[in-house]
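Subject: The two-chain model, handed over

Hello,

Here is the structure I promised to send you. Please have a look at it first, and then read on for what turned up.

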Amino acid sequence: MKISLILPAAALLILAPVPAPGQDKPHELAREFFDVLPRKAPSPSHPPAFSHSIDWGDMTDRLGSIIVRGKDTPIEPIAMLMLGVSLFNSGEIDAAQATFEEISVQFASHPLVDRRDKGGTRLIDSLKIQCAREIAFRRTNEVRTLPQPELDPDSDTTLNFSKGPVVIRFYKNAAPLHRENFLKLAKEGYYDRTRIHRLVPATLVQLGDPNSREQDLSRWGQGGPGYTLDNEFSLITHRRGTVSMYRGPGRPRSHGSQFQILLKDQPNLDFVQTPFAEVVSGIDVIDAVSRQSPNQFQAPVDDVFLNGIAPAAKFR
Amino acid sequence: MTSRFTPLLVACCLAAKILPAQAVDAPLPAPARRPGAVQVPRIEAPANPARVKGTFTVGTGERTLTDGDFYQAYLLLRPHEERPDRPLAENTVLVHILLAAEAEALGFAPADEEMDAMNPLKTNPAMAENLLRRWELQGIDEAKYLAYIRQTTAIARMKDAFASMAVVNSEAIYENWKKDNLLHRIAYVEFAAADEERQLRAKTPTDEDLRRFWESSPVAQNLYRIPTSVTVDMVVFDPASLDKDELAQLRRARPISDKEALAYFNKDAKRFTAMVPSEKRHLLHPSQKLPLDQIVTPFELVRDRVEEEILLGDRISRAFEQVKAADQITGDLMKKAAQQHGLRFHRAEAMTREECATKLEQFGPNLFNQIFNTEPGALCGSIVFEGPLKFFWRLDEKNVSTLPAFEAVRDKLIETYIRETAYSNAWEAAKGFIARMEERLAAEVKPEEDEIDRKAALKAAEDAARAGAREPRELANYQNQHRALADNEKRMLRASRAPKYFDSLVASEGLALKEFGPFTFRFEGIDRQTLASDDQLRSFFESSFQIKSLEPGSVTLAPLSDATTRAHYIVKVVDREEPPFEMMPVADYHRLKINLERQAIFQSNYEWSPFETMTRLQWKAR
């Protein structure tokens, strides 16, 4: 995340370069603004994006640029409101409050600014109240956050499925215990010749159960190494390609060996399960598996074996 | 020179002649209706378009909506959103009008230049004529199309913008967290089995004590119970154990054609397909296109099995018929039949349920249940198929679970007797304490409890009279309802008064009052047996719903028993306070933030519901 200057929006107007005349047409700026918006209104096919998965620093920079270029255009007040929200979410509360104050003055009679909720409070006022509360809270409490996760390009590890290889990459600064546990089990051959034992079409596959070597399908999904792991939540959001340790419903801790590879974004799993790697190549192999229909045990009708795991050179 | 569009023009003219002409605002054909389905009334053209349908307010200005405006908006939506089986409801059209007006007023409507980029006639001129013709059939023209796109885009942008503006502050997150993580301090009296054990070990238990214990204790009985066991004779056809040379010889003597093998396979294709070895299953689903001669079928992969069954599979049937026909079916007879027909004989002696599940797992998970429900000497009804195996069985002997004689276990019982009796005695001691506490408490609260009961009876009678209830059952219902409420009120009264009697009784009986805390409750499902003993007790208190439900100053009115620490506890909640923010784990902060954001985002969605929209924009129907 880029670090924005902690300045009110007015300062951004002064410091930013003046665009060439006719360079940015209002309708192009409007289109750019609505493309930049971090969230779509939620719907069954569109889960909402949560703050921790949005790069608010980058958002602030882009909005600042739109505001500078969109001065005196219809998009300006809307973009400034969004800028205030972005500053708030990136922790720059003073700047957010200053932005909302500026909007109150500059666009006092704008319908969006004046829009009232059920209780009669103006939108701009409720945003200012949020800022005031946050500032007051932070005066007496230290609000900590987690580090931004970074992938480790030297950690590429290959999962050799009977349908093809899938390469996953671990994180430098997230879920170290899960990574170590996974690699330990891989080196012991724990995962060798296990099957993908659970398939939710177009959503995820689950594997890592030694029981899946057996013929009794009713036991698949119930095996493990005999221990569980502490959760290691982070700012990694669950999206297509995320490798995440399974955590059964009602269970307090991560499973010791079973993990999932996601095929679509599932932010509802954030801070519920521990993600510890990303697929960097071979997701099409899992896509092909996912096109099967599962049997009554939710397993793929045709077996997909994990023949073995080849860790990165530095883990061998 | 004819245009290259001439054939298309001709086709369209013909289509226009063949297809019925459709007026722009002609109604759609009535859909077929499911019986009982609620029919949404179709929106009809208004008799008086100038009539005012209602008013609404956007920003500071009041606006009027006429029936004509409403109908025009319906016509705008109809080609895109109405289906023969799902006509547009009036509310849907109305909400669209209101939201479009709101979105326009708030500045979310696309500019004219943006509309050019959304106009397919301009972005794809080559297809313009075709598109116009298609629109004509649907009753759309360019202006209406653009109006529809403009309105829906404005509404979508408005919804997205508000979803993006949802914010959650740290104070709200902290408030949400702390109510589930309050810090508690408790004081408790422990009635430990260990203390009782010391006393019991000081004297030797008599035979009478031990016998009485043996006859009444399920714990002791389960330790020494002799489980149910069965002895069963089985005759098995197992392809894996066939003599390979014999099989090869049979194959040479009786070659099996493809046709015969395929016919046999198709008779039971599902069973044979399940026999495809798992390491070969992927051959059935190649990841890329293959030439026809390289495609593999299930039949090809189990061809050997099919042949084995054709050549030898009827042996099991012949053996079964032979055994079934005998006057008396014995194990020896089954063994002889197995040998005669080249099959395997297996006798499983005195197998318990667990042994059946493990040692005989290849015969299926339900074998024990099937065998147990038969009488000794009986033969199974038919040949059983389990994967590649075919077999039949005869129950030789069944020994139902029994308890050994007391004398056989007497000496082994002593330790169990001491441990169980100690735990039970500790429970009795704890109950006795509660009883003495309640006795003192009852003397104080009895008048109040009587008053609560009296008021409840009165209220029940009043409610029954108001409802006109006369039947004894109805009257009893009202009485029961109010009695339950009264019981709860009495419970809460006792819980609040108990502490002072708890303190005085602990002091007068010289019991040790221990303290624990501050702690927060954790319901993590940990196996406490694996913890050190101090942690076992800590975990017990931290996971107690009964303690969590108490207010500060209250006492548990029943002992809390813990089999792990082998003790019973009577607990008083001393106080409860809010945890400081710095105790909140960072992961919890983010997790709760997600929950609150989700609420805020969906709350913003709720604003677009018909009720909220009409309320917010002050819709007034005329």
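A salt bridge here is a side-chain nitrogen of Lys or Arg within 4 Å of a carboxyl oxygen of Asp or Glu. Please keep in mind that this is a predicted model.

**Salt bridges**

Over all chains, the structure holds 82 salt bridges. One of them is in chain A, where A:Lys172 and A:Glu150 pair through their side chains at 3.9 Å, N to O. A:Lys172 sits in the loop between S2 and helix H8 (176-187), and A:Glu150 in the loop between helix H7 (123-140) and S1, so this pair ties together parts that are 22 residues apart in sequence. A:Lys172 is exposed, at 51% relative accessible area, whereas A:Glu150 is partly exposed at 42%.

In chain B, B:Glu104 and B:Arg150 form a salt bridge with an N to O distance of 2.8 Å. This pair also links distant parts of its chain: B:Glu104 belongs to helix H3 (residues 90-106) and B:Arg150 to helix H7 (residues 142-164), 46 residues apart. Both ends are partly exposed, with 43% relative accessible area for B:Glu104 and 22% for B:Arg150.

Where do B:Arg303 and B:Glu307 lie? Both are in helix H16 (residues 303-325) of chain B, four residues apart, or about one turn of the helix. In an α-helix there are 3.6 residues a turn, so residues three or four places apart point the same way. The closest N and O atoms of B:Arg303 and B:Glu307 are 3.1 Å apart, in a salt bridge, and both residues are buried. Back in chain A, salt bridges with shared partners make one network of A:Glu101, A:Asp114, A:Arg116, A:Arg122, A:Asp125 and A:Lys128.

**A buried lysine without a partner**

B:Lys593, in helix H24 (residues 586-606) of chain B, is a residue to look at by eye. Which side chain of opposite charge is nearest to B:Lys593? That is B:Glu597, 4.5 Å away, and B:Lys593 is buried yet has no salt bridge. The cut-off for a salt bridge is 4 Å, so the 4.5 Å between B:Lys593 and B:Glu597 does not qualify. Apart from neighbours within four places in sequence, B:Lys593 is in contact with A:Ser51 and A:Asn89 from chain A, and with B:Val168 and B:Ile173 from chain B.

**Around B:Arg436**

B:Arg436 is part of helix H20 (residues 406-467) of chain B and is partly exposed, at 35% relative accessibility. Not counting residues up to four places away in sequence, B:Arg436 touches B:Leu505 and B:Glu509. With B:Glu509 there is a polar contact between side chains, at 2.6 Å. The C-alpha atoms of B:Arg436 and B:Phe502 are 9.5 Å apart, although 66 residues separate the two along the chain.

**A covered helix in chain A**

Helix H9 (residues 283-290) of chain A is mostly covered, with six of its eight residues buried. The buried residues are A:Ile283, A:Val285, A:Ile286, A:Asp287, A:Val289 and A:Ser290. Their cover includes strands S1 (157-161), S2 (164-170), S3 (194-200), S4 (204-207), S6 (259-262) and S7 (274-281) of chain A.

**Backbone points to check**

B:Gly517 and B:Pro518 are joined by a cis peptide bond, with omega about 5 degrees; B:Pro518 is in strand S8 (residues 514-519) of chain B. A:Gln298 is not a glycine but has a positive phi, near 70 degrees. A:Gln298 is in the loop between H9 and strand S8 (305-310) of chain A. B:Gln618 likewise has a positive phi, about 55 degrees, without being a glycine. B:Gln618 is in the loop between helix H25 (610-616) and strand S11 (620-621) of chain B, and is partly exposed at 43% relative accessible area.

**Chain B as a whole, and its surface**

Chain B has 25 helices and eleven strands, and 40% of its 622 residues are buried. Its accessible surface comes to about 35,000 Å², with 53% belonging to carbon and sulfur atoms. On the surface, B:Leu290, B:Leu292 and B:Ile295 make a nonpolar patch of about 300 Å². B:Leu290 lies in the loop between helix H14 (269-274) and helix H15 (298-301) of chain B.

Happy browsing, and best wishes!

Technical notes: Residues numbered from 1 in each chain as written. Chains lettered and ligands numbered in written order. Predicted model: local features only at pLDDT ≥ 70, side-chain atom pairs only at ≥ 80, totals over all residues. Heavy atoms only, no water. Helix = DSSP H or I, 4+ residues; strand = E, 2+ residues; numbered from the N terminus. Buried < 20%, exposed > 50% of the residue type's maximum accessible area, 1.4 Å probe, protein only. Contact = heavy atoms within 4.5 Å. Polar contact = N/O pair within 3.5 Å; in protein donor to acceptor, adjacent residues only side chain to side chain. Patch = residues over 30% accessible without salt bridge, like charges linked within 9 Å, V, L, I, M, F, W, Y side chains within 5 Å. Areas by Shrake-Rupley, 256 points an atom, 1.4 Å probe, with all protein chains shown as cover. Lys, Arg positive; Asp, Glu negative; His and termini not counted.
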